[in-house]
Every structure is written in structure tokens, then in C-alpha cells.
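Subject: Structure handover

Hello,

Here is the structure we spoke about. Please open it alongside this message.

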Amino acid sequence: MLGILWRADRPLSPAQVTERLGSDLAYTTVTTILTRLRRKGLVTRDRIGRAFHYRATMSEADLAATRMHTVLEASSDRVATMNRFVGELSPREVRALRAILDGLDP
Amino acid sequence: MNTTLVTPLAATVIAAVGGLVVHRVVPPRHATRVLAGITVLAGTAVLAALVLVTLAGASQVAVVADLLPWCPSFAGGGHGSSAMAGVAAALVLVLAVARAVVYGARVYRDRRALRHVTGLRVEATSEAVALAVPGRPGGIVLGSALVAALRPGERAVVIAHEQAHLVHRHHRYVYAAELLAASIPALRPLARRVRLCTERWADELAAHQVGSRRLVARTIAKVAVIGAERRVTAAALAASGGETITRVEALLRPHRSRAGATGSGLVALTGTAAICGAVAQAHHLAVFLRHACHL
């Protein structure tokens with residue numbers, strides 16, 4: 001849900017979030033989650049018209065600004081138990097992926 | 001070797017071998033659960049068998065039998081295992097527990113190191129890091145260089161993927177399978193597939209959310225290539241079962257519903273075998289203890 005708000009170029013109403021989620025989440029569930037996210041400070045809301053519209057507090061500009069943390073500085077073996085977006089790769093696999101990537105690029 | 005020990009182990013082996021192909025015929029969200037279940041059941045069965053052989057072997061040794069006065073039928077052996085087999089099983093068992101403890105410590109260390117991560121967090125690092133930190137509410141860590149290298153749509157893919165891990169609590173399946181695989185190395189191929197299935201599951205949900213399988217496939221390939229370029233040491237590019245290629249190709253294949261009957265049949269077969277193997281083995285252990293120790 002944060003991803004949806006983050007991608008949106010403007011604040012979204014709960015109805016719009018529900019629509020973009022495209023899942024079977026009910027409108028009330030979405031508003032509940034948005035309320036919780038707001039309590040955690042991850043989203044803010046503005047009143048636009050009659051409804052509250054939500055947006056992610058961390059914008060892309062914030063993302064470009066880096067923060068120093070030591071957690072990940074150690075070797076790549078670090079946090080190997082967690083789900084990483086991409087795991088270990090062999091050189092052969094990298095070549096194959098590069099080829100696929102070239103084929104996909106518009 | 002006696003049949004009461006070998007027959008359930010055979011069922012366990014059938015389950016494990018069947019489990020190796022489950023992810024090919026069952027959607028990832030089901031395959032993850034089935035595979036994690038098989039791994040845990042198979043691990044339990046093997047550990048129970050090891051305990052049984054250890055005890056049966058130990059019963060031949062007078063010193064051990066003397067230590068267990070509440071087990072009158074225990075002494076004198078005759079429980080189907082030689083003392084040597086008992087010693088061997090005991091060694092394997094000790095090693096298994098030690099490796100499980102090491103794995104548990106690694107999980108604890110990793111989670112402790114990242115326990116303050118909630119929400120989306122960008123870390124200043126040139127490594128192509130993107131990972132889901134389990135917990136309540138959990139969080140996502142992205143490397144700053146990776147964020148900078150990705151287009152907004154691709155970032156959305158990475159975030160949707162990691163969010164899927166958190167929402168569906170994928171770490172529980174991975175931890176359970178890897179803990180058993182750490183203690184019994186023969187289960188490692190199964191545990192690797194559990195991890196692969198959680199990745200595929202998250203890929204599918206990300207594709208659903210961004211509305212493009214192609215975009216997800218391209219993002220995975222791009223992050224992988226960036227990661228390989230940024231990696232400092234060649235040593236890090238070591239073992240890989242080609243999981244990333246599998247994920248990309250699965251996304252690029254036209255989406256089709258898998259062969260339902262084959263999948264259900266295989267799940268039924270491997271699931272039944274795994275349950276039978278584990279239950280039989282645990283049952284034998286219980287019977288042995290009750291018989292020998294009049295519990």
C-alpha cells in the first residue's frame with residue numbers, strides 16, 4: 001500500500017487506493033490500514049474536498065538523500081537469512097540475465 | 001537394519017524427492033507451504049530415527065543403562081541396533097543440533113542488527129541491496145545506489161516484492177525449512193526451493209500490483225546485473241542454483257494456470273508420504289520409550 005502511495009504523483013483517497021490495489025481488500029480495511037500507517041508516521045493526510053487524501057511521507061527526494069548506517073557495511077554474507085530481492089548469482093547467470101535484459105529493453 | 005526404521009524413512013525419502021518438483025506444477029503460494037511442510041516433516045522424521053537408533057544402541061552399553069534406573073527393560077540391548085550404530089547416530093545427532101544452533105544464532109544476529117528498521121529505509125551503500133526485514137510491522141531496506149539506478153516503476157516493483165514478503169510473513173517458511181536443512185544437510189535442496197518459492201510468490205504479487213509481469217522480470221534482471229557489477233569480490237559470485245533466471249523466465253512465460261490435476265496429485269502424494277514417514281517414526285520412538293521405560 002505504501003508502494004501505491006509512493007508511486008502516485010498526488011495524494012490518493014482511500015477509494016483510489018482500494019481501486020489501485022486491485023485486490024479483494026475491502027474499503028474499510030484499506031482505511032484501517034491507512035489510519036495505522038498514519039499513526040506510525042509513514043503517511044500523512046490532507047483534506048481535499050470532502051474526503052481525506054493520503055500520501056507517503058517519504059518522497060522520492062527523501063529517498064535520493066542517503067543516510068549513513070553501519071548495518072549493511074559488513075560483507076555480503078551479512079543478513080543472508082533474510083529475503084533479499086536477488087540472491088547469489090553465478091557469472092554465467094549474470095551473462096544470461098544481461099542477455100535477457102537486452103532483449104527486454106525497449 | 002530393521003523394517004520398522006527403514007519403511008518410514010523410505011516414505012520420507014519419497015516425500016523429499018517429490019517435493020523437489022512440486023514448485024514446477026503448483027503455484028508458488030501453495031508450493032511454499034507444501035515444501036516447507038515437507039521439509040519440516042522430513043527433518044522431524046530423520047531426527048526421530050536418529051534418536052531411536054541412538055537409544056537402541058545405548059541400551060547395549062551397561063554404563064548408560066545403569067544411569068536410567070526407571071527404564072528396567074532398557075538394559076541389555078536387543079532393541080534392534082548395535083552399539084556402533086548407536087554411537088554413529090549419536091554423533092550425527094549432536095552435529096545436527098549444533099548446526100541448528102549455529103543457524104538460529106545467525107537468524108538472531110541478523111534480526112537484531114536490523115531490529116530498528118520499520119517502514120522503508122534507504123541505506124547508504126553501493127551494494128545492490130534490497131531486503132525485507134521481518135517483524136511487526138517489519139521494514140524494507142534499500143541500498144541508495146540501487147534506488148538511484150532504478151526508474152520509479154522499477155522501484156515500485158522492488159517495494160511491492162518486499163512488501164509481499166512482509167505481508168505474507170514469508171520468513172516463517174524460510175526459517176523453518178532452513179533450520180531443519182541446517183541440521184540435516186540432505187534437506188538443503190528442499191530448503192533452497194522453499195526460498196525460491198517465496199521469491200516467486202512475491203514476484204507474482206508484485207506483478208499483480210504493478211500490472212506488468214514484464215516489468216517485474218526486467219527489474220529482477222536489472223537488479224541482478226547491477227548487483228554483479230557492484231560486487232567487490234568475485235568470491236561472492238559463488239554458489240547459485242540459477243534461481244534468479246528461473247524467476248525471470250517464469251514471469252516472461254505467458255501466464256497460464258498450471259496442470260491442476262498433476263499438481264494436486266503430486267501434493268497429495270508427497271504430503272501423505274511426508275506425514276506417514278514422520279508420524280510412523282515419532283510413533284516408533286514413543287512406543288520404544290513406553291515399552292522400555294514403562295512410561
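Below is what came out of it, starting with chain B and ending with a single residue.

A caution before the details: this is a predicted model.

**Chain B overall**

Chain B holds 11 helices and 3 strands. Along the sequence they run α-α-α-α-β-β-β-α-α-α-α-α-α-α. Taken along the principal axes, the C-alpha atoms of chain B fill a box of roughly 70 × 45 × 35 Å. Of its 295 residues, 46% are buried. Look also at the contacts in chain B between residues at least 6 apart in sequence: 73% of these join residues at least 24 apart.

**Helix α11 of chain B**

This helix covers residues 260-293 of chain B. Its 34 residues should span 50 Å, because each residue adds 1.5 Å. The end C-alpha atoms are 48 Å apart, which agrees. Several residues of α11(B) are buried, among them B:Val267, B:Ala274, B:Gln281 and B:Phe288. What covers the buried residues of α11(B)? The cover includes α1 (3-25) and α2 (28-58) of chain B.

**The sheet shared by the chains**

Both chains contribute to an open sheet of 4 strands. The order is β3(A)-β2(B)-β3(B)-β1(B), and the pairing is mixed. At the edges sit β3 (83-84) of chain A and β1 (119-123) of chain B, each pairing on one side only. Where the chains meet in the sheet, β3(A) pairs with β2 (residues 130-133) of chain B. That pairing is antiparallel, over 2 bridges. A:Asn83 stands opposite B:Ala132 there. Helix α6 (residues 152-167) of chain B packs on the sheet. The helix touches β3 of chain A together with β1, β2 and β3 (139-143) of chain B. Its direction makes about 25 degrees with that of β2(B).

**Helix α5 of chain A**

Helix α5 spans residues 91-104 of chain A. At 1.5 Å a residue, its 14 residues should span 20 Å, and the end C-alpha atoms are indeed 20 Å apart. Which residues of α5(A) are buried? They are A:Glu93, A:Val94, A:Leu97 and A:Ile100. Seen down the axis of α5(A), the buried residues fall within an arc of 125 degrees, so they line one face of the helix. An α-helix has 3.6 residues a turn, so residues three or four places apart point the same way. On the other side of α5(A), the exposed residues are A:Pro91, A:Arg92, A:Ala99, A:Asp102 and A:Gly103.

**The nonpolar cores**

In soluble globular proteins, nonpolar side chains tend to be buried together. The largest nonpolar core here has 94 residues. Within this core, B:Leu35, B:Ala177 and B:Ala224 touch the most other members. Helix α2(B) gives the most to the core, with 19 residues. B:Ala224 reaches across to the other chain: leaving aside neighbours within four places in sequence, its contacts are A:Val86, A:Leu89, A:Val94, A:Leu97 and B:Thr244. Two of those, A:Val94 and A:Leu97, are among the buried residues of α5(A). A second, separate core has 12 residues, including A:Val17, A:Val30, A:Leu37 and A:Leu42.

**One residue to look at**

A:Gln16 lies in helix α2 (residues 14-21) of chain A. Is A:Gln16 buried, exposed or partly exposed? The residue counts as partly exposed, because 18 C-beta neighbours lie inside 10 Å. Buried would need 20 or more. The C-alpha atoms of A:Gln16 and A:His53 are separated by 9.2 Å, although the two are 37 residues apart along the chain.

Best wishes

Terms used:
Residues are numbered from 1 along each chain as its sequence is written. Chains are lettered from A and ligands numbered from 1 in the order in which they are written. This is a predicted model: local features need pLDDT of at least 70, side-chain atom pairs count only at pLDDT 80 or more; totals for chains, interfaces and linings use all residues. The expected span of a helix is 1.5 Å times one less than its number of residues. Two residues are in contact if their C-beta atoms, placed from the backbone, lie within 7 Å. The arc is that of the directions from the helix axis to the C-beta atoms. Two strands pair if DSSP finds at least two bridges between them. Axes are lines fitted to C-alpha atoms, for helices over the stretch in contact, and angles run from 0 to 180 degrees between N-to-C directions. A nonpolar core is a set of buried Ala, Val, Leu, Ile, Met, Phe, Trp, Tyr and Cys residues joined through C-beta atoms within 7 Å.
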